[in-house]
Amino acid sequence: MCMPVINGVINVYKEPKFTSFDVVAKLRGIAKQKKIGHTGTLDPDAVGVLPVCLGRATKLCDLLTDETKEYRAVLLLGKVTDTQDTSGQVLEEHPVQVTEEEIRKAVKSFLGEQMQVPPMYSALKVNGKKLYELAREGKTVERKARPVTFYELEIGEIRLPEVELRVVCSKGTYIRTLCNDIGEKLGCGGCMAHLTRSRVGVFDLGTARTLAELQELADQGRLEEAVIPIDEIFSQLPAFRTVQSADVLAHNGNALYTSNLEKAEQRVWKQGDELRVYDSEGSFIGIYFRDRNGNRNFFRMKKMFYSGK
C-alpha cells in the first residue's frame, strides 16, 4: 500500500552514535518518501532535538536552521582534546585548581556577541573539502572567526572537574568550542563531556520522538500523529484569509494589499510585520511581510508553501 506524501515537520530525538544524515536516511525508510531534510547537524555523540522536514516543509529547513537553540552541556575541565570533546585525542592535561567564583566569572564573560573560531573537527568546508576530513589527514587550516551570540549562559551543578551548563545561542555556534574557550580562559583547559540539544525554536525535548517510536507509529499507520503541519510552525504570527477575488493572486505568490485580506484593514501594520496567509477556503498559502508602497499597506511573499489543490 502506498503511503500518502507527508508535508510537515517531525521533531526527532536524535540518539547517540547517529549522525544527522543517518536520522534522515532512516526516516526516509520509515515515511517511505524521499523529500526529507534536517535543520542543522548534531555531532554523532550529541543527543536531543532534531527537527526533520518532509515534503513541502523542506522549504522550512533554512528558516529553522536560523532559529535560536538551547543546549545542556557538561564541561570537563583539565583536558584539551583535538576534537574539543571527550571523543578526541587528549592533547593536554592540567590540574584543576579553580574556584566556583572563577568559573562563574569566566562563563559570564562569554555572554552576548562573540567571535568564535570553528573547530577543525566540523562539517564546514574549505576549498570544497570538509574540515573534519582535513583534520583526519592530520592537516590544520586557518579558520576565520565568525560572529555568534550567547543569549543565556547558566551554570548548573559544579562537581569539579565537571561543570553543567545551559546555553541559549544563535545559529552556527559550537558548544564544544565554548567549552574549550572557557577552559582556556580559566588556564586549565577544557573540553565537552556531554551535549543535549534541548530546543530548536518551538521544538523541545518534550515532544521529540525516537526513531523506534516513529517506526512503531508507521507500522500502525499512525505516523501522521507525529507530524506538525507547516502552518503550525508559524502559530505565533497573525493569520488572515484572502477575500475570494484575491485567491488567484495568493495562489501565484503575488503581492497583496490589506484590501485583499479579510479584516486586515482593522490592524495597524509596521514595516517588516509578518503574517500567515490562507486562501478564502482555508488552504495555507505562506508567509508574507509588510513592505513599503507609499501610504498603503503592501505585503510581499517571504516563503510560499501552496502547491495547488
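1. Some vocabulary before the pockets: Ala, Val, Leu, Ile, Met, Phe, Trp, Tyr, Cys and Pro count as nonpolar, Asp, Glu, Lys and Arg as charged, and the others, Gly among them, as polar. With that split, the lining of the largest pocket comes out at 12 nonpolar, 12 polar and 11 charged residues. Keep in mind that this is a predicted model, where local features need pLDDT of at least 70, side-chain atom pairs count only at pLDDT 80 or more, and totals for chains, interfaces and linings use all residues. Residues are numbered from 1 along each chain as its sequence is written, and side-chain values use heavy atoms, with hydrogens and water left out.

2. On to the largest pocket itself (a pocket is an open set of points on a 1 Å grid over the protein atoms alone, where a 1.4 Å probe fits, with protein on both sides within 12 Å along at least five of seven lines; lining residues have an atom within 4 Å of a point). Its volume is about 1000 Å³, volume being the space filled by probe spheres set on the points, which are joined across faces, edges and corners. Of the 35 lining residues, Thr41, Leu42, Asp43, Ala123 and Tyr174 lie nearest the centre.

3. Which elements each supply at least two residues of that lining? They are α1 (20-31), β4 (69-77), α4 (131-136), α5 (175-186) and β12 (190-200); helices (H or I, at least four residues) and strands (E, at least two) are DSSP runs, numbered from the N terminus. β12 gives the most, with three residues.

4. The second largest pocket holds about 220 Å³ of space. Its lining has 15 residues, with Asp82, Gln84, Pro119, Met120 and Arg143 nearest the centre. Here α5 gives the most, again three residues, and the classes split into six nonpolar, five polar and four charged.

5. Have a look at strand β3 (residues 47-54). Eight of its eight residues are buried, so β3 is largely enclosed by the rest of the structure (buried means under 20% relative accessible area, exposed over 50%, partly exposed in between, with a 1.4 Å probe and protein chains only).

6. The partners of β3 are worth tracing; two strands pair if DSSP finds at least two bridges between them. β1 (residues 8-14) pairs with β3 in the antiparallel sense over seven bridges, with Ile10 opposite Val52. β2 (residues 36-38) is also antiparallel to β3, over three bridges, and there Gly37 faces Cys53. β12 runs parallel to β3 and is joined to β3 by two bridges; Val47 has Thr196 of β12 as its bridge partner.

7. Now the packing. The largest nonpolar core (buried Ala, Val, Leu, Ile, Met, Phe, Trp, Tyr and Cys residues joined through side-chain atoms within 4.5 Å) has 28 residues, and Ile103 and Ile175 have the most contacts inside it. Elements giving this core two or more residues are β4, α3 (100-108), β10 (146-159), β11 (162-169), α5 and β12. A second, separate core of 19 residues includes Ile10, Val23, Leu214 and Leu217.

8. Ile175 touches Tyr71, Ala73, Val167, Cys169, Met192 and Leu195, leaving aside residues up to four places away in sequence (contact means heavy atoms within 4.5 Å).

9. Finally, some backbone spots to check. The peptide bond from Leu160 to Pro161 is cis, with omega near 15°, and Pro161 lies in the loop between β10 and β11. Lys32, in the loop between α1 and β2, has a positive phi near 60° and is exposed at 57% relative accessibility. Lys263, in the loop between β16 (256-257) and β17 (274-278), has a positive phi near 65° and is exposed at 64%.
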